[in-house]
Amino acid sequence: LMKMGTMATINQEISFEIASLICNEFGYNLIKSDTSEIEELEIEALMEIEEDDEKDLLPRPPVVTVMGHVDHGKTSLLDAIRDTDVTSGEAGGITQHIGASEVNVNGQKIVLLDTPGHEAFTSMRARGAQVTDIAILVVAADDGIMPQTVEAINHAKAAGVPIIIAINKIDKPGANPERVKQELSDQGLLVEDWGGDVISVELSAKKRINIEGLLEMVLLVAEVEELKANPEKRAVGTVIEAELDKGRGPVATVLVQGGTLRVGDPIVAGVASGKVRAMINYKGRRVKQAGPSTAVEILGLSEVPSGGDQFVQVPNDKAARLIAEKRQELRREEMLKASSKISLDDLFEQL
Ligand code: GDP
Ligand code: MG
């Protein structure tokens, strides 16, 4: 390489032309692989998400995350919300099967992400994904604003997501909702009865007091947000969580955010690819399709993607495989670069 005037380190990429010249020098013939440059360009085009035409957009249900300080009642509130869904008419109520659930309020759907706390925001935002439309911030009326409450406020603000305050545990003797409102105003959140525009609801998750009131506020905020999506395009969305199931192989809960995903569709999710073999909804039932604002568990991926990865439906199996391979290659390169950087730093440290 040096003789040819190319100064490259061991991890550096060189052009195909240079590489083939060197190979010839040593008696080898270098052949371009499956993924030619033209194909690479086509692949990039396939991963581009089509711009939505205003006329194709239809209203979609809101996707909600519950946040708040530990023990302020996030899990209890999620349970209480699921309990309000009487339309299911199932014996034993709804059991939680996947990483998200749905409730019906006055005939309107609300999607709840089951990952309470900040993970939903942190891991998603690290990958540039945004899945939440509305954040419910739970604050215990007997405890007030705590460090994780402030963190949650900052996450929601940074993501530009509207916050609804759920002042919880109003059944407790030490409950002091007014103090909570005072502390919220110190954080720049002025609730409505303090002359601001932040909606707050006083409730008890444990005693099931005013849960409907909270859900009506969620629908109100959703209406103001004018949430819309085009159900008629290639499906696109985000991986909520994924794992390797002993019997079923890689399993991922995905949120469809645009288009409609159907069984048999070839998809790419992060570095994983495959054909959707089966889809399971929040009730644990098999479904054939999933439109915007629907969370489903999908089977059929080649490997386990990461939470926050984007998934995209692609035209065929070959494209799915090539894109996933290309991404794996890029990831390997990045890891190689990172490890070589670490060893250099170590070296300097020793010097
Ligand atoms: P998380 O850590 O935010 O998920 O909080 P949990 O839902 O696990 O609740 C923590 C504790 O507070 C549990 O013992 C709950 O039973 C209790 N709790 C939650 N909501 C209420 C409520 O509205 N009233 C009362 N009295 N206790 C509650
Ligand atoms: Mg919890």
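**Exercise 1. Find how strand β10 (residues 249-258) and β16 pair, and then describe the surroundings of β16.**

Step 1. Start with the sense of the pairing: β10 and β16 run antiparallel and are joined by six bridges. Two strands are called paired here if DSSP finds at least two bridges between them. Helices (H or I, at least four residues) and strands (E, at least two) are DSSP runs, numbered from the N terminus.

Step 2. Pick out one pair of residues: V254 has V296 in β16 as its bridge partner.

Step 3. Now turn to strand β13 (residues 272-280), which is also antiparallel to β16, with four bridges between them. Here M279 is matched with I298 of β16.

Step 4. Finish with burial. Strand β16 (residues 294-301) is largely enclosed by the rest of the structure, because eight of its eight residues are buried. Buried means under 20% relative accessible area, exposed over 50%, and partly exposed in between (1.4 Å probe, protein chains only).

A word on the model before you go on: it is predicted, so local features need pLDDT of at least 70 and side-chain atom pairs count only at pLDDT 80 or more, while totals for chains, interfaces and linings use all residues. Residues are numbered from 1 along each chain as its sequence is written, chains are lettered from A and ligands numbered from 1 in the order in which they are written, and side-chain values use heavy atoms, with hydrogens and water left out.

**Exercise 2. Describe the shell around ligand 1 and its polar contacts.**

Step 1. Take the neighbours: 15 residues surround ligand 1, and the closest are D71, K74, T75, S76 and D171. To be near, a residue needs a heavy atom within 4 Å of the molecule or strand.

Step 2. Sort the shell by type: two residues are nonpolar, seven polar and six charged. In this scheme Ala, Val, Leu, Ile, Met, Phe, Trp, Tyr, Cys and Pro are nonpolar, Asp, Glu, Lys and Arg are charged, and the others, Gly among them, are polar.

Step 3. Ask which element gives the largest share: helix α3 (residues 74-83) does, with three residues.

Step 4. Look at the backbone. A polar backbone atom of G73 is 3.0 Å from an oxygen atom of ligand 1. For A205, a backbone N or O atom lies 3.0 Å from a ligand 1 oxygen, and for K206 the corresponding distance is 3.2 Å.

Step 5. Add the cover: of the 580 Å² of accessible area that ligand 1 has on its own, the protein covers 75%. Accessible areas come from the Shrake-Rupley method with a 1.4 Å probe; for residues, only the protein chains shown count as cover.

**Exercise 3. Compare the settings of three of the 18 salt bridges.**

Step 1. Recall the criterion: a side-chain nitrogen of Lys or Arg within 4 Å of a carboxyl oxygen of Asp or Glu.

Step 2. K109 and E102 form a salt bridge at 3.4 Å, N to O. K109 is partly exposed at 22% relative accessibility, whereas E102 is buried at 11%.

Step 3. D142 and K172 meet at 3.0 Å, N to O. This pair links distant parts of the chain, 30 residues apart: D142 is in the loop between β5 (134-140) and α5 (147-159), and K172 in the loop between β6 (163-168) and α6 (177-186).

Step 4. E329 and K326 meet at 3.9 Å, N to O. They are three residues apart in helix α8 (residues 317-350), so about one helical turn separates them.

How values were computed
Polar contact = N/O pair within 3.5 Å; in protein donor to acceptor, adjacent residues only side chain to side chain.
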